[in-house]
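Please open the model in your viewer and keep the sequence panel beside it. The tour below moves from one selection to the next and says what is found at each stop.

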Amino acid sequence: MPNTLRQKKAHELFKRYDGNPILTPGDWPYPANAVFNPAAVKLNSETLLLVRVEDMRGFSHFTVARSPNGFTDWEIDPSPTLEANQSSREEKWGLEDPRIIWLNEQKQFAITYISFSEGGPVVSLAITKNFRTFARLGALLPPEDKDACLLPHRFKGRFALIHRPIVRGEAHIWISFSPDLKHWGDHRPLIMTRAGYWDCHRVGLACQPIETEIGWMMFYHGVRITSAGAIYRLGVALLDLQEPWKVLRRSNEWILGPREIYERVGDVDDVVFPTGATVHKETNQLNLYYGAADCTVAIATANLSDVLDYIMSCPEVKQ
Ligand code: BMA
């Protein structure tokens with residue numbers, strides 16, 4: 001049963017916060033060119049963002065920003081929280097686009113992020129209990145690969161990683177499996193680009209997948225390249241809860257796209273790029289954190305049941 005009288009349309013699901021953008025380079029305690037594409041997690045009654053910060057050389061690192069309500073009063077670490085080890089070839093050109101999940105078995109947070117190596121972007125993993133000290137577990141798969149997140153537990157004995165390798169120049173979302181978080185295999189395509197649609201050129205995971213009663217709610221970004229450049233928009237799919245390599249539903253329409261000036265104009269125009277979300281059970285609210293035009297952090301909120309109703313109205317996927 002829909003929870004509202006009229007089911008919301010794709011573009012009505014998310015409401016942008018009036019105070020957007022919530023974090024800008026001007027808020028930063030040290031010089032920064034851009035602050036964007038943050039991972040998000042709830043930690044002790046606070047919202048913690050691990051924000052990608054681009055320095056004045058064009059290299060990125062991560063800095064923690066904490067807020068009591070997820071919207072305002074951000075307390076930003078005074079210096080970078082997690083930086084690239086630039087003497088390693090793997091991290092030579094910085095760290096980008098983190099996603100966070102809680103690993104049930106390890107009882108630690110897992111951060112999947114991109115190390116920009118000399119050979120291209122690689123998916124890397126670090127774990128932490130407190131976002132102060134981190135254990136780096138290294139690169140998981142060879143370049144070129146981006147937009148990755150682990151799922152929080154094993155499936156039939158194996159961990160699962162959603163990621164976006166470039167294969168023969170094509171950019172589809174894949175899922176891979178590992179017995180130990182180190183050796184990855186059984187790679188399978190999950191969500192493919194769609195000729196003609198808004199997501200025809202590239203797709204990639206957006207925020208961490210969200211576990212619901214009816215499946216994993218998986219937001220993803222889709223790219224169309226136009227004569228004026230690329231447009232990054234957001235879509236949603238539903239993965240099977242026990243067998244997440246099965247896609248159950250996928251939206252035909254995008255649900256959030258560049259519209260406001262802070263999304264339309266920046267270092268890279270026309271980009272909404274969600275990389276983190278928090279779910280607030282008391283209010284059934286989903287807070288989606290996204291990079292806007294590769295410059296600032298913005299937030300849009302949705303009612304979780306509205307999104308689920310919407311996904312269930314989307315076409316079933318035949319695999
Ligand atoms: C993607 C990533 C993101 C970036 C986006 C838009 O490929 O590199 O970090 O926000 O492009 O420029």
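Strands, as the word is used here, are DSSP runs of E with at least two residues, and they are numbered from the N terminus. With that in mind, and remembering that this is a predicted model, select Leu181, which lies in the loop between strand 13 (173–178) and strand 14 (185–191). The phi angle of Leu181 is near 70 degrees, a positive value in a residue other than glycine. Most residues other than glycine have a negative phi. Leu181 has a relative accessibility of 8% and therefore counts as buried, the cut-off for that class being under 20%.

Go next to Ala293, in the loop that runs between strand 21 (285–292) and strand 22 (296–303). Here too phi is positive in a residue that is not glycine, with a value near 50 degrees. Is Ala293 buried or exposed? Its relative accessibility is 0%, so Ala293 counts as buried.

The following two stops concern peptide bonds. Most peptide bonds are trans. Select Asn20 and Pro21, however, and you will find a cis bond between them, with omega near -10 degrees; Pro21 itself belongs to the loop between strand 1 (15–16) and strand 2 (34–43). Then move to Pro143 and Glu144, which are also joined by a cis peptide bond, with omega about 5 degrees. Glu144 is placed in the loop between strand 9 (135–139) and strand 10 (145–150).

Finally, select the ligand and display the residues that surround it, namely Asn37, Arg52, Asp97, Lys146, Tyr232, Val268, Val271, Phe273 and Asp294. By character, this shell divides into four nonpolar residues, one polar residue and four charged residues. The space that the ligand takes up is the second largest pocket.

Which side chains of the shell should be examined for polar atoms beside oxygen atoms of the ligand? Begin with Asn37, where an N or O atom of the side chain is 3.0 Å from a ligand oxygen. Continue to Asp97, which has a polar side-chain atom 2.6 Å from an oxygen atom of the ligand, and end at Lys146, where the corresponding distance from a polar side-chain atom to a ligand oxygen is 3.0 Å. With these contacts on screen, consider the surface of the ligand, which exposes 310 Å² when taken alone, 85% of which is buried by the protein.

Definitions and conventions: Residues are numbered from 1 along each chain as its sequence is written. This is a predicted model: local features need pLDDT of at least 70, side-chain atom pairs count only at pLDDT 80 or more; totals for chains, interfaces and linings use all residues. Side-chain values use heavy atoms; hydrogens and water are left out. A residue is near a molecule or strand if one of its heavy atoms lies within 4 Å of it. A polar contact is a pair of N or O atoms within 3.5 Å; within protein, one must be able to donate a hydrogen and the other to accept it, and residues adjacent in sequence count only if both atoms are side-chain atoms. Accessible areas come from the Shrake-Rupley method with a 1.4 Å probe; for residues, only the protein chains shown count as cover. On a 1 Å grid over the protein atoms alone, a cavity is a set of points where a 1.4 Å probe fits but cannot get out, and a pocket is an open set with protein on both sides within 12 Å along at least five of seven lines; lining residues have an atom within 4 Å of a point. A molecule sits in a cavity or pocket if more than half of its atoms lie within 2 Å of its grid points. Ala, Val, Leu, Ile, Met, Phe, Trp, Tyr, Cys and Pro count as nonpolar, Asp, Glu, Lys and Arg as charged, and the others, Gly among them, as polar. Helices (H or I, at least four residues) and strands (E, at least two) are DSSP runs, numbered from the N terminus. Buried means under 20% relative accessible area, exposed over 50%, partly exposed in between (1.4 Å probe, protein chains only).
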